[in-house]
Amino acid sequence: MNENDGAKPSTNLLLKDAALSWSIRMRGEVTRTLQEEFDQWRTASPDHQRAYDRYSRVIDRSEILKSSKQLIPSAAEKPVERQPRRWLMAGAAAAAVIVFAIAISASDGPFPGSGAVLSARAAEPLVTGRGEIRSFVLDDGSTATLDTDTKVEVSMFSEGRYLRLVQGRARLKVIKDPRQFRIAAGEGVVTTKEAVVDISLRDDRRVVVELINGNAELASASPRVPPATRPIPLRRSAALEYGADDKQIRSSARDRSNSSREWPSGWAEHGSIRLDSLLSEASRYSEMPITVDDPTIASRTVSGRFKISDTEMFVSRIVELFGLTVDRRADGIHLRSQ
């Protein structure tokens with residue numbers, strides 16, 4: 001049974017969560033709309049102002065320690081470990097601000113360190129550029145593999161472990177630990193103590209989550225969601241999809257026929273996929289978009305295993321399969337009939 005089943009947070013706990021959430025959000029970019037929403041909440045009750053002031057002081061006194069190890073694939077595609085990088089960062093680090101919010105919105109318990117000076121162990125924002133696939137060893141020993149053009153933010157507390165996917169796709173290999181590991185993307189949070197999870201945030205603001213191994217569940221991170229809402233257990237080999245901006249998580253099963261678990265190695269395997277869709281996937285790793293000019297050819301299906309992270313190898317394979325020629329222009333790589 002989930003510890004949240006049948007539980008109803010007290011008014012004080014809800015106020016605490018809201019106050020801490022506002023303390024964090026107001027440290028980031030403040031738009032006019034956000035400022036108006038905050039002013040409306042703050043002036044609704046003197047208790048709101050007092051709670052906000054309290055948690056603002058807590059965050060101001062927080063000490064963030066950055067630590068991470070990075071694995072860079074060598075020419076032989078074997079990881080070469082770099083030494084950990086550690087340094088102190090004064091105040092509430094911008095990289096960790098949003099993961100503080102995960103702690104208070106995805107849990108029915110007190111925020112770690114409430115009533116005392118917070119102490120957090122956090123990794124710097126982990127980022128990959130276009131065409132890069134990299135693995136990082138987190139402070140707890142878990143591994144985060146980031147796909148091309150991906151960014152995640154990590155924070156480790158004595159009470160919990162948190163990672164937020166800002167953009168792109170990541171594979172999290174969460175090692176066994178008494179602390180929960182919360183993986184946030186959009187308005188959803190995946191919670192686990194030991195699992196392997198793929199999670200991606202697409203350009204259309206849809207999030208796809210797939211449990212590869214272990215046990216995990218998906219829930220809403222929004223404090224506006226009714227407390228009685230139960231988390232959704234993830235099933236192995238069954239991908240779920242939800243809207244990144246939906247406060248109430250309404251997940252749906254996603255067809256895995258065109259997904260590939262081999263992406264950390266730069267390969268994609270498809271049983272049947274339209275050529276234009278495959279080219280779009282490969283373009284994420286290329287400096288220039290790869291397109292086919294003939295709509296008839298673009299709609300044809302293709303199957304097989306493709307090294308999509310190697311643009312030259314990929315283009316050569318497609319040219320050979322479809323009998324095309326390559327026209328390189330300033331706006332991209334164009335494939336056309338001979």
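Biologist: Hi! Which residues of helix α2 are buried?
Modeller: Happy to help. This is a predicted model, and in it L34, F38 and W41 are the buried residues of α2, which covers residues 32-42.

Biologist: How are those buried residues arranged, seen down the axis of α2?
Modeller: They fall within an arc of 65 degrees, so they line one face of the helix.

Biologist: And what is exposed on the other side of α2?
Modeller: R32 and Q40 are exposed there.

Biologist: Switching to aromatics, which residues cluster with F38?
Modeller: F38 forms one aromatic cluster with W41 and Y52.

Biologist: How many aromatic pairs are there?
Modeller: The count comes to three. Take F306 and F314: their ring centres are 6.2 Å apart and the planes stand at 70 degrees, so this pair is edge-to-face.

Biologist: Nice. Is F306 buried or exposed? And F314?
Modeller: F306 is buried, with a relative accessible area of 1%, and F314 is buried too, at 2%.

Biologist: What sits over the ring of W267?
Modeller: That would be the charged end of R305, 4.1 Å from the ring centre.

Biologist: Now the interior. Which residues have the most contacts inside the largest nonpolar core?
Modeller: L163 and I183 do, in a core of 31 residues. Elements giving two or more residues to this core include β9 (161-174), β10 (181-185), β11 (188-201) and β12 (206-220).

Biologist: What other core lies apart from it?
Modeller: There is another one of 24 residues, and I133, A282, V315 and L324 are among them.

Note on methods:
Residues are numbered from 1 along each chain as its sequence is written. This is a predicted model: local features need pLDDT of at least 70, side-chain atom pairs count only at pLDDT 80 or more; totals for chains, interfaces and linings use all residues. Side-chain values use heavy atoms; hydrogens and water are left out. Rings of Phe, Tyr and Trp (its six-membered ring) pair if their centres lie within 6.5 Å; planes under 30 degrees apart count as stacked, over 60 as edge-to-face and the rest as tilted. Buried means under 20% relative accessible area, exposed over 50%, partly exposed in between (1.4 Å probe, protein chains only). A charge sits over a ring if NZ of Lys or CZ of Arg is within 6 Å of the ring centre and within 35 degrees of the ring normal. A nonpolar core is a set of buried Ala, Val, Leu, Ile, Met, Phe, Trp, Tyr and Cys residues joined through side-chain atoms within 4.5 Å. Helices (H or I, at least four residues) and strands (E, at least two) are DSSP runs, numbered from the N terminus. The arc is that of the directions from the helix axis to the C-beta atoms.
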